[in-house]
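Reader: I am new to this structure and would like a close look at one part of it. Please start from a single residue and work outwards, explaining each term as you go.

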Amino acid sequence: MRQFVRLVSSPLRAPALLRLAALGALGGVAACAATPPPPPPPPASTGAALMDWRGVITSADRDRHRRVAAAWTLALQQARRQPGSGDLNALGELIQPQAARPGVAPPPGDYRCRTVKLGSQGGEDGLGYVVYGWFACRIEQTPQGLKFSKLTGSQRPSGLLFPEDDRHMVMLGSMALAQEPAASTYGRNPERDLVAVLERIGEARWRLVLPWPQNESNLDLIELVPGRRPG
């Protein structure tokens, strides 16, 4: 112990120890400077759907979605055979089953929309088709993904749009009727639940295909084009 005290107190060796300590400190600074920075944080969410629709859909709607081709076939047969309301021949690609184009995701904003009902759940006694007028709809970005809402009219579907592929999105939603508040919860009321397929069918034209709706028709189409409804 006395030897250590003498070593530190020696006027000849103390500067050397100080120099060694300084070099050690500089070496630590250099080591810290050489340490790579932490990785950047992950990018912010783009608003895409957070889950797969297959994990959300009810068994009844899964069956309706699986039989969408059958709904097209029966509904078009009835529409072309039975009398209806409106001009069916003027609808063009809207009523062509294979009209989907790439780039399906619609931009958020206001849309004009109209519903076309094809086929009749009443068989040969019902109208084969009904072409309705234009109403107000909206596509909005939510934390869960894109959401479609029909804002006006006596039947107002709404729901989340789940990415499927470049030509299709799947909507799971529910229906509000008459003066009811906007529908917001899927899976709570089976009588109001609906499944639909969103497709782009023109440069700025989309359609929602709703197979086997709860009432009236065998296939509903909701046409969407950007812009507010006149008036």
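**Around a buried tyrosine**

Author: Tyr111 is buried, because its relative accessible area is 2%, where buried stands for under 20%, exposed for over 50% and partly exposed for what lies in between, taken with a 1.4 Å probe on protein chains only. The model is a predicted one, in which local features need a pLDDT of at least 70 and side-chain atom pairs count only at pLDDT 80 or more, while totals for chains, interfaces and linings use all residues. Residues are numbered from 1 along each chain as its sequence is written, and side-chain values rest on heavy atoms, with hydrogens and water left out.

Tyr111 belongs to an aromatic pair, and the structure holds 1 such pair. Its rings are those of Tyr111 and Trp206, with centres 6.0 Å apart and planes at 85°, so the arrangement is edge-to-face. The rule behind this takes rings of Phe, Tyr and Trp (the six-membered ring of Trp) as paired if their centres lie within 6.5 Å, and it calls planes under 30 degrees apart stacked, over 60 edge-to-face and the rest tilted. Because Tyr111 lies in strand E1 (residues 109-118) and Trp206 in strand E7, the pair ties together parts that are 95 residues apart in sequence. Trp206 is also buried, with a relative accessible area of 6%. Helices (H or I, at least four residues) and strands (E, at least two) are DSSP runs, numbered from the N terminus.

Arg205 lies in strand E7 too, which covers residues 205-211. The side chain of Arg205 makes a polar contact with the side chain of Glu223 at 2.6 Å; a polar contact is a pair of N or O atoms within 3.5 Å, where within protein one must be able to donate a hydrogen and the other to accept it, and residues adjacent in sequence count only if both atoms are side-chain atoms. Beyond its neighbours within four places in sequence, Arg205 is in contact (heavy atoms within 4.5 Å) with residues including Leu91, Glu93, Leu94, Leu224 and Val225.

Glu223 also leads back to strand E1, because side chains of opposite charge can pair when their charged atoms come close. The side chains of Glu223 and Arg114 meet in a salt bridge, at 2.6 Å from N to O, and this pair links distant parts of the chain, with Glu223 in strand E8 and Arg114 in strand E1, 109 residues apart. A salt bridge means a side-chain nitrogen of Lys or Arg within 4 Å of a carboxyl oxygen of Asp or Glu. Glu223 is buried at a relative accessible area of 4%, and Arg114 is buried at 15%. Arg207 forms a salt bridge as well, with Glu199, the closest N and O atoms being 2.7 Å apart, and both of these residues are buried. By contrast, Asp63 and Arg67 meet in a salt bridge at 3.1 Å, N to O, where Asp63 is partly exposed at 29% and Arg67 is partly exposed at 29%. The count of salt bridges comes to 15.

Strand E1 also takes part in a nonpolar core, which is a set of buried Ala, Val, Leu, Ile, Met, Phe, Trp, Tyr and Cys residues joined through side-chain atoms within 4.5 Å. The largest such core has 20 residues, of which Leu118, Leu219 and Leu221 touch the most other members. Helix H4 (68-81), E1, E2, strand E6 (193-202) and strand E8 (219-226) each supply at least two of its residues, and H4 gives the most, with 5 residues. Leaving aside residues up to four places away in sequence, Leu219 touches Val116, Lys117 and Leu118, and also Ala71, Trp72 and Ala75, among others. Apart from this core lies another, of 19 residues, among them Val104, Ile139, Phe148 and Leu210.

For the setting of this part, the protein chain comes to 4 helices and 8 strands, and along the sequence the four α elements precede the eight β elements. Of its 231 residues, 38% count as buried. Among contacts in the chain with a separation of 6 or more, residues 24 or more positions apart account for 57%.
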